[in-house]
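Biologist: I am new to this model. Please take one part of it and go through that part closely. I would like the packing of helices, residue by residue where you can.

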Amino acid sequence: MVRPGRELKPGRSARDLFGAELRRHRERAGLSLEKLAKVIRYSRSHLARIEAAECLPPPGLAEVLDAEFDTGGLFAALYKIAQREAHPDKYRRGRELEAKVRCIKEYAGCFVPGLMQTAEYARALFRTGDPPRSEEKVEEMVALRMSRQALLQADRPPELSYILDEAVLRRPVGGSHIWREQLAVLAAVASSRTHLVQVLPFNHGEHPLMGGHLTLFISESGATVAYEETISTSEFLEDPIRVARHRRAYEMLSACALSPIDSAAFIKTVIEEIPR
């Protein structure tokens with residue numbers, strides 16, 4: 001049975017527009033996905049995901065499609081835009097990846113990663129991030145963030161690895177009480193056998209991920225999607241070259257950070273220094 005095509009909204013993103021144009025030209029040519037895959041010598045399942053705007057087209061495919069459909073560079077132009085475009089539903093995309101990957105590796109330079117945040121810590125961040133935001137909206141966002149943590153109770157939760165800049169531990173978000181409770185959660189996670197937590201101390205100096213927040217979503221097959229976030233921008237990266245560069249940067253930081261045992265001890269030391 002042929003699965004009906006996913007509804008696309010070309011005005012939502014370049015990725016959707018790429019998929020919509022692929023479907024339109026394929027159907028105009030009277031080709032099924034199976035036939036097109038054979039003609040251009042490409043994976044049918046991957047082609048289906050691209051047409052449904054579920055993943056970014058790989059390098060080289062746009063030129064193949066332009067040649068097959070004689071579209072004069074249309075697909076190549078759309079691909080360039082899609083490469084630079086942050087995913088329009090970035091939070092939904094992130095949650096989808098969290099739910100299906102085997103491993104999540106995250107570098108946090110400013111705040112505790114969402115899967116380890118307490119409700120009070122998250123609430124303080126949401127209030128500060130947009131002061132006019134209503135309390136009702138804040139509570140809605142806190143509830144959504146806390147619901148993500150159900151992932152950790154799944155029968156087979158993803159493996160989690162974190163590198164935390166020392167700044168994450170030293171910044172008293174929400175005041176001493178909330179700060180202490182949040183660090184206690186981090187200390188428990190760092191001392192567990194299920195997750196890997198490393199601290200990158202200030203005395204390490206400069207490094208390639210300064211000023212940002214990086215998450216690597218790694219599937220069973222090793223395929224990786226990177227999510228990069230700064231104060232004003234965010235972007236999902238799927239280009240193999242750019243992803244490999246970010247994985248290398250993460251590996252370099254992991255090699256320079258404190259060991260998991262020393263990191264747990266470091267976090268406990270910071271807790272002891274918090275004034276009561």
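Modeller: Start with a cut-off: a residue counts as buried when its relative accessible area is under 20%. Val270 has a relative accessible area of 2%, so Val270 is buried. Keep in mind that this is a predicted model.

Val270 is found in helix H12. That makes H12 a good place to look. Which residues does Val270 contact, leaving aside its neighbours within four places in sequence? They are Leu169, Arg170, Trp179 and Leu183. Take Leu169. Val270 and Leu169 are 101 residues apart in sequence. In space, their C-alpha atoms are 7.3 Å apart.

Two of the other contacts, Trp179 and Leu183, lead into helix H10. So how do two packed helices get described? By the angle between their axes and the distance between those axes. H12 covers residues 260-273. H10 and H12 pack at an angle of about 160°. Their axes are 9 Å apart. An angle over 145 degrees counts as roughly antiparallel. Therefore H10 is roughly antiparallel to H12. The crossing of H10 with H12 is left-handed.

Now the residues that meet. H10 brings Trp179, Arg180, Leu183, Ala184, Leu186, Ala187, Ala190 and Ser191. H12 brings Pro260, Ala264, Ile267, Lys268, Val270 and Ile271. By class, this contact has eleven nonpolar residues, one polar residue and two charged residues.

H10 has another partner. Helix H7 runs over residues 119-129. Its buried residues are Tyr121, Ala122, Arg123, Ala124 and Phe126. The buried residues of H7 pack against H10, which spans 176-191. They also pack against helix H8, at 135-148. Thus H10 takes part in two of the packings described here: with H12 and with the buried residues of H7.

Next, the aromatic rings. A pair of rings is described by the distance of the centres and the angle of the planes. How many aromatic pairs does a search of the whole structure find? It finds three. One of them joins Phe18 and Phe75. That pair is edge-to-face, with 5.2 Å centre to centre and 70° between the planes. Phe18 sits in helix H1, residues 14-28. Phe75 sits in helix H5, residues 74-84. The two are 57 residues apart, and the pair links distant parts of the chain. Are these rings' residues buried or exposed? Phe18 has a relative accessible area of 1%, so Phe18 is buried. Phe75 has 0% relative accessibility, so Phe75 counts as buried too.

Another pair is Tyr227 with Phe236. This one is tilted: 4.6 Å centre to centre and 35° between the planes. Tyr227 counts as buried because its relative accessibility is 10%. Phe236 is buried, with a relative accessible area of 6%. There is also one aromatic cluster made by Phe18, Phe69 and Phe75.

Finally, the whole chain. The protein chain has twelve helices and six strands. Its C-alpha trace spans about 70 × 45 × 35 Å along the principal axes. Of its 276 residues, 47% count as buried. Consider contacts between residues at least 6 apart in sequence. Of these, 68% join residues at least 24 apart. The contact of Val270 with Leu169 is an example, given their 101-residue separation in sequence.

How values were computed. Residues numbered from 1 in each chain as written. Predicted model: local features only at pLDDT ≥ 70, side-chain atom pairs only at ≥ 80, totals over all residues. Heavy atoms only, no water. Buried < 20%, exposed > 50% of the residue type's maximum accessible area, 1.4 Å probe, protein only. Helix = DSSP H or I, 4+ residues; strand = E, 2+ residues; numbered from the N terminus. Contact = heavy atoms within 4.5 Å. Axes fitted to C-alpha atoms, helices over the stretch in contact; angles between N-to-C directions. Parallel < 35°, antiparallel > 145°, perpendicular 65-115°, else oblique. Left-handed = near helix turned anticlockwise from the far one by under 90°. Nonpolar A, V, L, I, M, F, W, Y, C, P; charged D, E, K, R; others polar. Phe/Tyr/Trp six-rings, centres within 6.5 Å; stacked < 30°, edge-to-face > 60°.
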